[in-house]
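Student: Please take a close look at the aromatic side chains, and set them against the rest of the fold and its other side-chain pairings. Give the cut-off for each term as you use it.

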Amino acid sequence: MWTKITAVISSLGQSIQFCAWFAHFGVASIIAEHVYTRDPLWTLMVIVALGAAKEFLYDALYEANPPQTFWDNLEDFSGWCAGGLVGFGFAVGWW
């Protein structure tokens with residue numbers, strides 16, 4: 001099944017790595033913008049911490065098809081960080 005999904009995404013001109021990065025970015029930005037706390041910076045820090053735990057602990061140990069390298073996890077983690085920062089910017093009114 002994943003081979004077919006990867007083939008469809010690749011035929012659209014986007015790599016699966018880009019799609020994964022953008023998915024992490026999108027989820028983090030939506031959470032950062034719409035999870036209301038007294039301090040949006042706290043929400044951003046939680047997103048970054050949980051993103052790091054998810055990528056460097058969970059995915060490194062359990063995501064085996066395809067096997068994840070440190071660089072794959074770092075790329076996904078950068079999506080969490082960038083998305084969280086953009087969502088934080090919207091939450092505090094930077095843009």
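Tutor: The answer starts with the whole chain, turns to the aromatic side chains, and ends with the charged, nonpolar and remaining features.

This is a predicted model, in which local features need pLDDT of at least 70 and side-chain atom pairs count only at pLDDT 80 or more, while totals for chains, interfaces and linings use all residues. Residues are numbered from 1 along each chain as its sequence is written, and side-chain values use heavy atoms, with hydrogens and water left out.

The protein has 4 helices and 0 strands, in the order α-α-α-α along the sequence. Helices here are DSSP runs of H or I with at least four residues, strands are runs of E with at least two, and both are numbered from the N terminus. Of the 95 residues, 24% count as buried; buried means under 20% relative accessible area, exposed over 50%, and partly exposed in between, with a 1.4 Å probe and protein chains only. Contacts are heavy atoms within 4.5 Å, and among those between residues at least 6 apart in sequence, 63% join residues at least 24 apart. The accessible surface comes to about 6,500 Å², with 72% of it belonging to carbon and sulfur atoms; the areas come from the Shrake-Rupley method with a 1.4 Å probe.

Now the aromatic side chains. The structure holds 8 aromatic pairs. One of them joins W21 and F25, which are stacked at 5.2 Å centre to centre with 20° between the planes. Rings of Phe, Tyr and Trp (its six-membered ring) pair if their centres lie within 6.5 Å, and planes under 30 degrees apart count as stacked, over 60 as edge-to-face and the rest as tilted. W21 and F25 are separated by about one helical turn because they lie 4 residues apart in helix α2 (residues 16-34). F25 is buried at 17% relative accessibility, whereas W21, at 22%, is partly exposed. F25 also pairs with F22: the centres are 5.8 Å apart and the planes at 20°, so this pair is stacked too. F22 and F25 are 3 residues apart in helix α2, so about one helical turn separates them. F22 is partly exposed, with a relative accessible area of 46%. With F18 added, W21, F22 and F25 form one aromatic cluster.

The charged pairings come next. There are 2 salt bridges, each a side-chain nitrogen of Lys or Arg within 4 Å of a carboxyl oxygen of Asp or Glu. K54 meets E55 at 3.4 Å, N to O, and D59 at 2.9 Å between the closest N and O atoms; the three residues K54, E55 and D59 are thus linked in a network. Both acidic residues are buried, E55 at 0% and D59 at 1%, while K54 is partly exposed at 29%.

On the surface, L41, W42, M45, V46 and L50 form a nonpolar patch with about 490 Å² of accessible area together. Such patches take residues with over 30% relative accessible area and no salt bridge, joining nonpolar side chains (Val, Leu, Ile, Met, Phe, Trp, Tyr) within 5 Å and like charges within 9 Å. Of the patch residues, V46 is placed in helix α3 (residues 40-62).

Two items remain. N65 and P66 are joined by a cis peptide bond, with omega about 0°, and P66 lies in the loop between α3 and α4 (70-92). The structure holds 0 disulfides, a disulfide being a pair of cysteine sulfur atoms within 2.5 Å; C19 is partly exposed at 27%, as is C81 at 26%.
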